[in-house]
Amino acid sequence: MKLSQFQFPLTQEQIAKNPPRWRDECRLMVLNKKTGEIEHKMFKDLLDYFGKGDTFVLNDTKVFPAKLEGNKEKTGAQIEVLLLRELNREQRLWDVIVDPARKIRIGNKLYFGEDDSLVAEVIDNTTSRGRTLRFLFDGSYEEFKKTLFDLGETPVPSWVKEKPEPEDAENYQTIFAKNEGAVAAPAAGLHFSREMFNRMILKDINSTFLTLHMGIGNFRSVDVEDLSKHKTDSERLIITPETAKIINDTHKKGHKVLAVGVTTMRGLETYVTTNDEVNPYDGWTNKFIFPPYRFAIPDAIVSNFQLPGSIMLMAIAAFGGYDNVMKAYNTALEEGYKFGPYGDALLIL
């Protein structure tokens with residue numbers, strides 16, 4: 001498959017700027033991958049397609065306030081820093097992306113907060129993801145982390161809205177978020193409400209969780225036409241023995257596994273046995289899925305409508321079939337579905 005096969009026109013008006021009033025009341029398109037049939041529903045109708053003994057696998061990663069606004073020393077030029085991950089707790093080292101990057105050099109100091117309460121020094125300029133910063137802070141680690149996160153903003157992608165709003169701190173977080181470490185929300189999980197979880201219990205639908213800390217690599221543009229040459233950023237993945245057992249037992253009993261979101265689907269496919277079972281895992285994954293691909297674990301997937309040319313769209317096309325998925329996306333454009341993390345969803349069965 002080629003990158004150009006996943007491009008389509010998308011306007012800013014077709015990207016949702018805010019979520020629906022109630023989490024589970026976005027639109028849901030349902031695609032049957034065998035017949036190509038399409039239905040139009042609401043997200044809360046998702047449970048109508050599953051029953052007793054089925055298992056929903058969700059990503060319980062927690063988004064942290066990763067976006068910082070500051071100034072460069074001497075010039076006072078405004079800069080934006082996106083915290084990607086902590087590299088060394090004791091030395092206060094963080095892997096970051098700086099924007100604009102072209103004028104940031106090793107040794108530059110960056111200042112954050114109205115009274116420059118936080119200072120960082122650029123110590124590495126060569127990583128594929130951007131820069132390494134050392135934060136200069138004399139207090140305890142707990143005081144440093146509180147200062148850092150108090151100054152940070154919710155990292156809603158700039159293509160959704162230029163500046164995050166206070167309500168995004170809640171909106172851009174799933175209600176089951178638990179393990180801190182993501183700079184992007186697992187969007188399909190944003191639609192799950194407490195009412196839906198209660199209805200799942202009544203229907204004897206199981207839920208279990210893995211952790212995959214979403215990084216900025218999910219939104220990086222693919223810059224090679226031949227997809228076999230694309231490399232994605234590594235992300236931390238944790239699948240506990242308990243979660244693996246629940247998923248494997250679901251299949252052994254003849255029931256369905258739903259992957260909630262592309263990150264969950266990638267996590268499930270990272271470390272699979274020759275018997276098509278999930279193995280417990282605690283490590284890193286740079287799993288990149290694109291057509292053609294044989295899936296071992298999920299029987300169904302629900303995902304938000306993704307951006308053109310994105311690795312998430314490619315993974316969805318691998319699951320639902322390229323022609324089926326691109327037809328569904330064309331239908332979504334014609335029918336006014338909204339795209340992006342606050343947008344509408346697609347269920348593929």
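This passage describes a strand barrel, two helices and several backbone features in a predicted model.

In the predicted model, 6 strands close into a barrel. The order of the strands around the barrel is β5-β6-β7-β10-β9-β8, and their pairing is antiparallel. From one strand to the next, the twist averages 45 degrees. Helix α1, formed by residues 141–151, packs on this sheet and touches β5 (67–72), β6, β7, β8, β9 and β10 (131–136). The direction of α1 makes about 95 degrees with that of β9. Within the barrel, strand β8 (residues 109–112) and strand β9 (residues 118–124) run antiparallel and are joined by 4 bridges. Tyr111 has Val119 of β9 as its bridge partner.

A second helix, α3, spans residues 194–202, and Met196, Phe197 and Met200 are buried in it. When α3 is viewed down its axis, the buried residues fall within an arc of 100 degrees, and they therefore line one face of the helix. This arrangement can be related to the geometry of helices in general. An α-helix has 3.6 residues a turn, so residues three or four places apart point the same way. The cover over the buried residues of α3 includes two strands, β3 (55–59) and β12 (206–212). On the face turned away from the buried side, α3 carries the exposed residues Arg194, Glu195, Ile201 and Leu202.

The chain just after α3 shows a distinct backbone feature at Asp204, where phi takes a positive value of about 60 degrees. Asp204 belongs to the loop between α3 and β12, and Asp204 is a residue other than glycine. The relative accessible area of Asp204 is 41%, which makes this residue partly exposed. A positive phi, near 60 degrees, is also found at Arg92, again in a residue other than glycine. Arg92 is located in the loop between β6 (78–88) and β7 (93–99), two strands that take part in the barrel. With a relative accessible area of 10%, Arg92 is buried, whereas Asp204 is partly exposed.

A further backbone feature concerns the peptide bond from Pro291 to Pro292, which is cis. The omega angle of this bond is near -10 degrees. Pro292 lies in the loop that connects β15 (281–285) and β16 (300–304).

Methods: Residues numbered from 1 in each chain as written. Predicted model: local features only at pLDDT ≥ 70, side-chain atom pairs only at ≥ 80, totals over all residues. Heavy atoms only, no water. Buried < 20%, exposed > 50% of the residue type's maximum accessible area, 1.4 Å probe, protein only. Arc of directions from axis to C-beta. Contact = heavy atoms within 4.5 Å. Pairing = 2+ DSSP bridges. Axes fitted to C-alpha atoms, helices over the stretch in contact; angles between N-to-C directions.
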